Amino acid sequence: MTDTHKKEVDALSGVETTGHEWDGLRELNNPLPKWWLYVFYACIVWAIGYWIVYPSWPLLSSYTTGVMGNSQRADALAAVDAGRAARAEIGTKLVDATLEDISSTPALLDFAMANGRAAFGDNCSACHGSGGTGFVGYPNLQDDGWIWGGTLDDIHTTLKYGIRSGHDEARIGEMPAYGRDELLEKDQITQVANFVASKAGLETEAGVDLAAGEVVYQENCAACHGEDLKGLREVGAPNLVGANYLYGKSLAAIKAQINNPRAGVMPAWEGRLDPATVKSLAVYVHSFGGGE
Amino acid sequence: MRVEPDAASGGNEPEEWFASAKKIYPMATHGTFRRIKWALLFITLGLYYFLPFIRWDRGPNAPDQAILIDLEGRRAYFFFIEIWPQEVYYLTGLLIIAALALFLMNAVAGRIWCGYLCPQTVWTDLFMWVERKIEGDRRERIALDKAPMSLSKLAKRTAKHTSWLMIAWWTGGAWVLYFSDAPTLVYDLATFQAPWAAYLWIAILTATTYLLAGFMREQVCIYMCPWPRIQAALTDEKALNVTYRWDRGEPRGPLKRNKELAEQGLPAGDCIDCAQCYHVCPTGVDIRGGLQLDCIQCGLCIDACDNVMTKVGKPTGLIGYDTDENIQRRLDGKDPVYEIVRPRTVIYAAVIAIAGAIMLYALLTRDFAGISTLHDRNPIFVTQNDGSIRNGFTVRLMNKRTHDRSFLLNVEGMPAGSRIEAVGIDHYFEGRPYVVVGPDQTREIRVLVYSPQDMKLPSSTPITFRLTDTVMGEVVTTKDFFKAP
């Protein structure tokens, strides 16, 4: 370091130096540009105004709120309320309209589809999949196989009250546990399972009496699943000759379902979602392509 | 270690490291090139200011403005051509042709664009004319700049800047008219009902015009524009350029002295060193230094020099459009040659013709209908209860005509027994959905394709969607795939 008391001027540029020097390079003492400096001062003044007007300083358990009471949280909540209010009118129309009216009115349909898509993602996709294709035990909503019916009204009813949901209006169907409750002999279960498998286009076990199986079927199963095995929607008895089985399409799965049937639950959405959203969901699910 | 300042700077005196640009006071001149420049100024500015008002009838469903860029409607109109956003490659083609035209101009006669047509040149010329009318010619303006502020100076300055701002404002005003119906927008602007974007753009273009044409002028050409650098690489010894014929002009000197020298049989040039050539130059160039970056080749020095030569009774053309080659030929005692048709220009012209022909062909054979498909991603396919497979597609149909059109949609490549269903479409003709698309619109429909029952399809079958106009017969297709397990 050189002597800092003596002002030193760089010969080449005519600018005073700071006296700092590194390896022979000396730092010139050029002042900050005026415009930069004044902008900096203006920012300081601005910041003081900002402290007064807007929330700024954190306190121990709260913060200074500012004279304008600005709050982004309140703004966001207000925006949510405004969104609700904006949707209220068309939502009311949607609730009042019949499901068929919704399908034939573009404005209502667009709203229902958008609303339904959002609600489906939030509420349904966990079980039915984001594309509505379901999983084993959770019905595929894309295909045309409907256990409880695939018209707009059927879908709406299922959505509203659920299946075995505990709601008073819930759809309830019960498959007896033929094996667990010893309603049928083990042989009979093998026979009837093989009979159903043969009708569904599956491989059957060798040496099983299918005719005996048919007798068992007609005595025990046909009441609900129908003599032609096509099921009965009123009691939620699935079609046994379709391509898609809710609990898996294999002989083992059929046997398991006769022995100790599984009966899944669809929640009732009435009361959990507003009526307009339930209707929107019905329209949306119906639009997948399998709707009747 | 301390290094002495003198050792560091090599003991030199402090130099001037920065020089601010010298103000240029171009002098008025008259002659052939000045007249050409006035004519081009009238034509180019006339086109710019009045084109938006030209009407072009396109029927009831389209705007009637001949040139319109409808940003809101996502359409661009140019007389009989209507461009959709996805056809923006026509603009690319146009830019390619423009670039090649610039190359060709340069190969034939140097910086024609810079000297006569560039907006910077044209508006600067207009601003200089205004300046000259109000503040006087070169000498008066230099004197005025030096003079202390007075009432008359203030009046002149006010008049000049007001006029400049008026022109600049009109420039910005004309710009926005290309983006909206011109008469309506003029009315809305006047009654303060126009959208804020219109006022903002007028303000921006007013500011840029005022600053660029009023103050920055030649500095735009010299420091901001890339073209001077590029053109230096494009010119050659056979290209016509504004050239000082130094073979004839040098050694330059006062008229009287050179006359005496000539009488004594000593070498004496025609250039009388009158400085007119660089006093009229809008970029302050001395053309006698040869071809240079700052020279926009506007030809005004040719006019100035010709006027002087005529006055002193010498042949004109001491400064003129000429080639490097000819200077050399004259020195060698040969006649000058002008080869405008040479491989370079022929190739440029041919490429322009090819690009233009491709554009024209594309324009004449372009589709007025369109179809694009998007296969469902989730699920990719659905097995129906009867065993058939369903694929879902989002299909967008385009109608670029200005009237309703009806189409039949068909899927090709699927085995017999397949069927197609369009959601929300009630009319079918032989199993094909019959879809109406509104004028100048697109329509999105959901299309479901079903494979035949009991048929095992490969995991992916290439299919073609074919859209047929039921009246005009136009056919457009797009390819997609039918997916199966």
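This report describes the interface between chain A and chain B of a predicted model, then strands, salt bridges and two single residues of chain B.

## Interface of chain A and chain B

The size of an interface is often given as the accessible area lost when the parts come together. Chain A and chain B bury about 1,700 Å² between them, and carbon and sulfur atoms account for 47% of that area. On the side of chain A that touches chain B, the residues divide into 4 nonpolar, 14 polar and 5 charged. Chain A brings 23 residues to the contact and chain B brings 18 residues. Polar contact joins 9 residue pairs between the two chains, both residues of each pair being at pLDDT 80 or more. The rule for salt bridges finds 0 across this interface.

## Strands of chain B

Strands of a sheet pair through backbone hydrogen bonds, either parallel or antiparallel. In chain B, 5 strands make up an open sheet with antiparallel pairing, in the order S11-S12-S9-S14-S15. Strand S11 (428-429) and strand S15 (475-483) of chain B are its edge strands, each pairing on one side only. Within the sheet, strand S9 (residues 405-412) and strand S14 (residues 460-469) of chain B pair in the antiparallel sense over 6 bridges. Phe407(B) has Asp469(B) in S14(B) as its bridge partner.

Strand S4 (residues 241-244) of chain B is covered on both faces. In a regular strand the side chains alternate between the two faces of the sheet. Asn241(B) and Thr243(B) lie on one side of S4(B), Val242(B) and Tyr244(B) on the other, and all of them are buried. S4(B) pairs with strand S5 (residues 319-322) of chain B in the antiparallel sense over 4 bridges. Tyr244(B) has Ile319(B) in S5(B) as its bridge partner.

Strand S6 (residues 369-375) of chain B is mostly covered, with 5 of its 7 residues buried. S6(B) runs antiparallel to strand S8 (residues 389-399) of chain B, and 7 bridges join them. Opposite Ser372(B) stands Arg396(B) in S8(B).

## Salt bridges

Side chains of opposite charge can pair when their charged atoms come close. Over all chains, a search of the whole structure finds 39 salt bridges. Three of those in chain B are listed here.

| Salt bridge | Closest N to O distance |
|---|---|
| Glu135(B) and Lys160(B) | 3.4 Å |
| Asp145(B) and Arg157(B) | 2.6 Å |
| Arg245(B) and Asp247(B) | 3.6 Å |

The side chains of Glu135(B) and Lys160(B) meet in a salt bridge. Glu135(B) belongs to helix H5 (residues 119-135) of chain B and Lys160(B) to helix H7 (residues 151-177) of chain B, so the pair ties together parts that are 25 residues apart in sequence. Both Glu135(B) and Lys160(B) are buried.

The side chains of Asp145(B) and Arg157(B) also meet in a salt bridge. Here Asp145(B) is in helix H6 (residues 138-146) of chain B and Arg157(B) in helix H7 of chain B, so the pair ties together parts that are 12 residues apart in sequence. Asp145(B) is partly exposed, with a relative accessible area of 24%, whereas Arg157(B) is buried at 18%.

A network of salt bridges links Lys23(B), Glu131(B), Glu135(B), Arg141(B), Asp145(B), Arg157(B), Lys160(B) and Arg217(B).

Arg245(B) forms a salt bridge with Asp247(B). Arg245(B) is buried, with a relative accessible area of 16%, and Asp247(B) is partly exposed, with a relative accessible area of 22%.

## Two single residues

Gln65(B) lies in the loop between helix H2 (32-50) and strand S1 (67-70) of chain B. Is Gln65(B) buried or exposed? Gln65(B) counts as buried because its relative accessible area is 0%, and the cut-off for buried is under 20%. A polar atom of the Gln65(B) side chain lies 3.4 Å from the backbone oxygen of Pro52(B). Leaving out residues up to four places away in sequence, Gln65(B) touches a set of residues including Pro52(B), Trp56(B), Tyr77(B), Leu177(B) and Asp181(B).

Leu91(B) is found in helix H3 (residues 89-109) of chain B. Its relative accessibility is 47%, so Leu91(B) counts as partly exposed. From Leu91(B) to Pro458(B) the separation is 367 residues in sequence and 43 Å in space, C-alpha to C-alpha.

Terms used: Residues are numbered from 1 along each chain as its sequence is written. Chains are lettered from A and ligands numbered from 1 in the order in which they are written. This is a predicted model: local features need pLDDT of at least 70, side-chain atom pairs count only at pLDDT 80 or more; totals for chains, interfaces and linings use all residues. Side-chain values use heavy atoms; hydrogens and water are left out. Contact means heavy atoms within 4.5 Å. Buried area is the accessible area (1.4 Å probe) that two parts lose on being put together, summed over both. A salt bridge is a side-chain nitrogen of Lys or Arg within 4 Å of a carboxyl oxygen of Asp or Glu. A polar contact is a pair of N or O atoms within 3.5 Å; within protein, one must be able to donate a hydrogen and the other to accept it, and residues adjacent in sequence count only if both atoms are side-chain atoms. Ala, Val, Leu, Ile, Met, Phe, Trp, Tyr, Cys and Pro count as nonpolar, Asp, Glu, Lys and Arg as charged, and the others, Gly among them, as polar. Helices (H or I, at least four residues) and strands (E, at least two) are DSSP runs, numbered from the N terminus. Buried means under 20% relative accessible area, exposed over 50%, partly exposed in between (1.4 Å probe, protein chains only). Two strands pair if DSSP finds at least two bridges between them.
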